[in-house]
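Here are some quick comments after going through the model. Have a look at it first, then read the points below.

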Amino acid sequence: MSEANTYRDTLPGGRHWSFLARGGTTLELTDIEGGGNVGMLFYNPANPLERLNLPDTLKCQHTFKLTAGHCLYSDMGRIFCSVTADSVGWHDASSGTCNAGIVAGKWGTRDYQEARNDYYRNGRDCFLIELGKYGLGRRDMAANVNWFSRVDVTEDGDMALAEGHSPPGASLTLRFEMDTLVLMHTCPHPLDASPEYPRKPIEYAVGLAPPVADDDPCHLSREENGRGFLNNALYLLGSGESS
């Protein structure tokens with residue numbers, strides 16, 4: 001990513017943030033120490049009833065994981081963003097996020113009065129805090145993606161988080177295909193079995209995407225993606241925006 005017109009910062013472990021990503025911008029995430037997790041949700045800022053739909057995202061691309069070449073769909077059949085680069089190769093789109101009960105059961109409780117900003121946050125409450133900034137709430141929650149995390153199925157049918165999956169410096173890049181409200185947190189994955197509450201920082205960089213080429217892999221990886229981009233084009237024409 002070119003440093004020109006780029007905003008770069010670090011989100012500490014166990015924190016949350018949100019921002020409006022304009023169509024034609026990119027978001028690069030870097031797992032600084034390795035073993036990180038980024039829970040993320042997407043909404044249409046012009047109509048927040050339109051939100052990330054992971055079941056459709058996986059079904060229409062015939063996949064259980066997310067990686068480069070995949071697109072993330074809304075429940076209106078449009079594409080919020082595409083994964084244009086990925087050094088990890090597998091990201092979880094089926095496990096949801098941790099809540100207060102999960103965190104307390106694994107690591108106990110540590111509140112703000114006791115620990116100030118180092119208290120134990122959980123993904124669900126972090127999403128709700130960010131949703132509240134835009135007049136949204138519990139009924140607007142959706143299934144989230146967990147970047148940098150891989151989930152395997154054990155021999156007895158249980159799901160388990162793969163340890164050591166994301167090495168230090170692992171990165172991925174999202175290219176936004178329409179204006180998107182992005183909510184993110186760096187709380188633990190709900191299946192994390194670490195003995196202590198993990199605090200893995202993530203670097204993020206927002207920049208401008210280069211022009212989309214005719215042979216763009218995200219457009220061509222699945223026939224369904226071609227239809228999704230056509231839905232985006234129709235939407236942009238109707239909204240008066242340029243693509």
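**Notes on the sheet and the cysteines**

1. Let's start with the sheet in this predicted model. Six strands make up an open sheet, running in the order E1-E15-E3-E13-E8-E7, and the pairing is antiparallel.

2. Which strands sit at the edges? Strand E1 (7–11) and strand E7 (71–73) do, and each of them pairs on one side only. Going from one strand to the next, the twist averages 20°.

3. One pairing to click through is E8 with E13. Strand E8 covers residues 79–86 and strand E13 covers residues 170–176; the two pair in the antiparallel sense over five bridges. If you want a spot to centre the view on, valine 83 stands opposite leucine 174 in E13.

4. Now the cysteines. How many disulfides does the structure hold? The count is zero. Take cysteine 81: the nearest cysteine sulfur belongs to cysteine 71 and is 8.1 Å away. A disulfide needs the two sulfur atoms within 2.5 Å, so cysteine 81 is in no disulfide. As for its surroundings, cysteine 81 is buried, its relative accessible area being 0%.

5. Cysteine 98 deserves its own point. Its nearest cysteine sulfur, that of cysteine 187, is 5.1 Å away, and cysteine 98 is in no disulfide either. Is cysteine 98 buried or exposed? Cysteine 98 is buried, with a relative accessible area of 0%; the cut-off for buried is under 20%.

Conventions:
Residues are numbered from 1 along each chain as its sequence is written. This is a predicted model: local features need pLDDT of at least 70, side-chain atom pairs count only at pLDDT 80 or more; totals for chains, interfaces and linings use all residues. Side-chain values use heavy atoms; hydrogens and water are left out. Buried means under 20% relative accessible area, exposed over 50%, partly exposed in between (1.4 Å probe, protein chains only). Two strands pair if DSSP finds at least two bridges between them. Helices (H or I, at least four residues) and strands (E, at least two) are DSSP runs, numbered from the N terminus. Axes are lines fitted to C-alpha atoms, for helices over the stretch in contact, and angles run from 0 to 180 degrees between N-to-C directions.
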